[in-house]
Amino acid sequence: AAVAQAVGARLRALRDDDSVLLEALVPTARLPGPPPRSPAPRLPMALRICALVCRSWGDRPQLCQVSCSMGRAEAPVHHGAALPQGLDSSLQHWGVVAPGQRQALATRLRAAAEATMAAVLATEAELSPEQRGGARAHTDIMGVDFLLACVDDTLELVALSTNSQRCLETCLLAEAMGRAVGQPHGDTPRLLAEAMLHRAQRHLIEGKDILLIGAGGVSKSFVWDAARDYGLRVRRS
């Protein structure tokens with residue numbers, strides 16, 4: 001009732017071309033943590049999960065890396081406001097002590113992040129080159145921010161936003177911090193390099209004329225779909 005009253009009062013003061021945008025309030029999860037080391041009251045904290053997703057071969061979204069940041073619950077946890085740390089250790093600190101529950105959350109995070117990028121790629125495929133920003137403009141790398149919330153006593157991952165730069169910086173910082181303490185190299189540099197090389201290869205053959213002799217039968221029909229996707233002009237003989 002209070003929200004409806006505030007919106008109604010605001011609408012009466014707006015001009016015809018203005019509007020009011022309402023966003024759902026998603027409270028962060030409150031889990032029982034370990035006993036505090038000091039008698040000082042523990043402030044409510046929020047966990048922001050940053051997932052970096054790449055376009056892999058066949059235009060399939062693939063999760064590259066995940067990093068987490070913690071901050072005060074009364075304000076959004078911004079990128080760069082805290083040092084990133086891994087998902088598993090963050091969940092343990094948050095009070096998710098069961099290994100199976102942490103693994104289940106990691107699996108759901110991968111599915112949600114890759115589904116988010118798949119939705120973006122599907123939307124881009126329906127746009128014209130002018131709407132996308134150019135003939136070759138499309139998303140290769142995308143970050144998705146999640147909040148760990150609690151809905152009906154169940155931990156849920158709520159997608160907050162997507163971005164193209166901030167999650168990349170956060171995940172690369174986490175990668176560099178891991179190497180500094182002796183952790184093995186992650187998959188992020190390899191997947192990023194594959195995405196760039198794939199784009200470069202497409203650029204090299206786009207618009208070329210290729211003569212195929214004996215291209216195969218019905219089982220090789222996918223070749224023609226790939227050729228059209230690459231922008232090739234194919235002449236069959």
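Two strands count as paired if DSSP finds at least two bridges between them. Keep that rule handy for this tour of a predicted model.

**Stop 1: a first hairpin**

Select strand E3 (141-151) and strand E4 (154-163). Nine bridges join E3 to E4, and the two run antiparallel. Now zoom in on the turn. Val151 sits opposite Thr154 in E4. The hairpin has two residues between its strands, and Asp152 takes a positive phi near 55°.

**Stop 2: another hairpin**

Next, pick E1 (residues 45-56) and E2 (residues 60-72), an antiparallel pair joined by twelve bridges. Look across from Arg55 and you'll find Pro61 in E2. This hairpin has three residues between the strands, and Gly58 is the one to click: its phi is positive, near 75°.

While you're looking at strands, here's a handy rule: in a regular strand the side chains alternate between the two faces of the sheet.

**Stop 3: the largest core**

Show the side chains of Leu47, Ile49, Phe146 and Leu148. These have the most contacts inside the largest nonpolar core, which has 24 residues. Which elements give two or more residues to this core? They are E1, E2, helix H2 (87-94), helix H3 (99-125), E3 and E4. H3 supplies the largest share, five residues. As a general pattern, nonpolar side chains in soluble globular proteins tend to be buried together.

Stay on Leu148 for a moment. Leaving aside residues up to four places away in sequence, Leu148 touches a list of residues that includes Leu47, Leu91, Trp94, Leu105, Leu155 and Leu157. Thr28, Ala29 and Glu156 are also among the residues that Leu148 touches.

There's a second, separate core too, with nine residues including Cys50, Cys64, Cys171 and Leu191.

**Stop 4: helix H3**

Select 99-125 to bring up H3. You can check its length yourself: at 1.5 Å a residue, the 27 residues of H3 should span 39 Å, and its end C-alpha atoms are indeed 39 Å apart, so the two agree.

Now colour the buried residues of H3: Arg102, Leu105, Leu109, Ala113, Met117, Leu121 and Glu124. Many helices can be read with one rule: an α-helix has 3.6 residues a turn, so residues three or four places apart point the same way. What do the buried residues of H3 pack against? Their partners are E1, E2, H2, helix H4 (129-132), E3 and E4.

**Stop 5: the cysteines**

How many disulfides does the structure hold? Zero. Select Cys68, which is in no disulfide: the nearest cysteine sulfur belongs to Cys50 and is 8.6 Å away. Cys68 counts as buried because its relative accessibility is 0%, and the cut-off for buried is under 20%. Cys54 counts as buried as well, because its relative accessibility is 2%.

**Stop 6: out to the domains**

Zoom out and colour domain 1 (43-205) and domain 2 (206-236). Taken over C-alpha atoms, the centres of the two domains are separated by 35 Å. The contact between them takes seven residues from domain 1 and six residues from domain 2.

Last click: Leu204, in helix H6 (residues 188-205). Is Leu204 buried or exposed? It counts as exposed, because its relative accessibility is 58% and the cut-off for exposed is over 50%. To finish, draw a distance from the C-alpha atom of Leu204 to that of Ser90: they are 114 residues apart along the chain and separated by 43 Å.

How values were computed: Residues are numbered from 1 along each chain as its sequence is written. This is a predicted model: local features need pLDDT of at least 70, side-chain atom pairs count only at pLDDT 80 or more; totals for chains, interfaces and linings use all residues. Side-chain values use heavy atoms; hydrogens and water are left out. Helices (H or I, at least four residues) and strands (E, at least two) are DSSP runs, numbered from the N terminus. A nonpolar core is a set of buried Ala, Val, Leu, Ile, Met, Phe, Trp, Tyr and Cys residues joined through side-chain atoms within 4.5 Å. Buried means under 20% relative accessible area, exposed over 50%, partly exposed in between (1.4 Å probe, protein chains only). Contact means heavy atoms within 4.5 Å. The expected span of a helix is 1.5 Å times one less than its number of residues. A disulfide is a pair of cysteine sulfur atoms within 2.5 Å. Domain bounds come from an automatic or database domain assignment.
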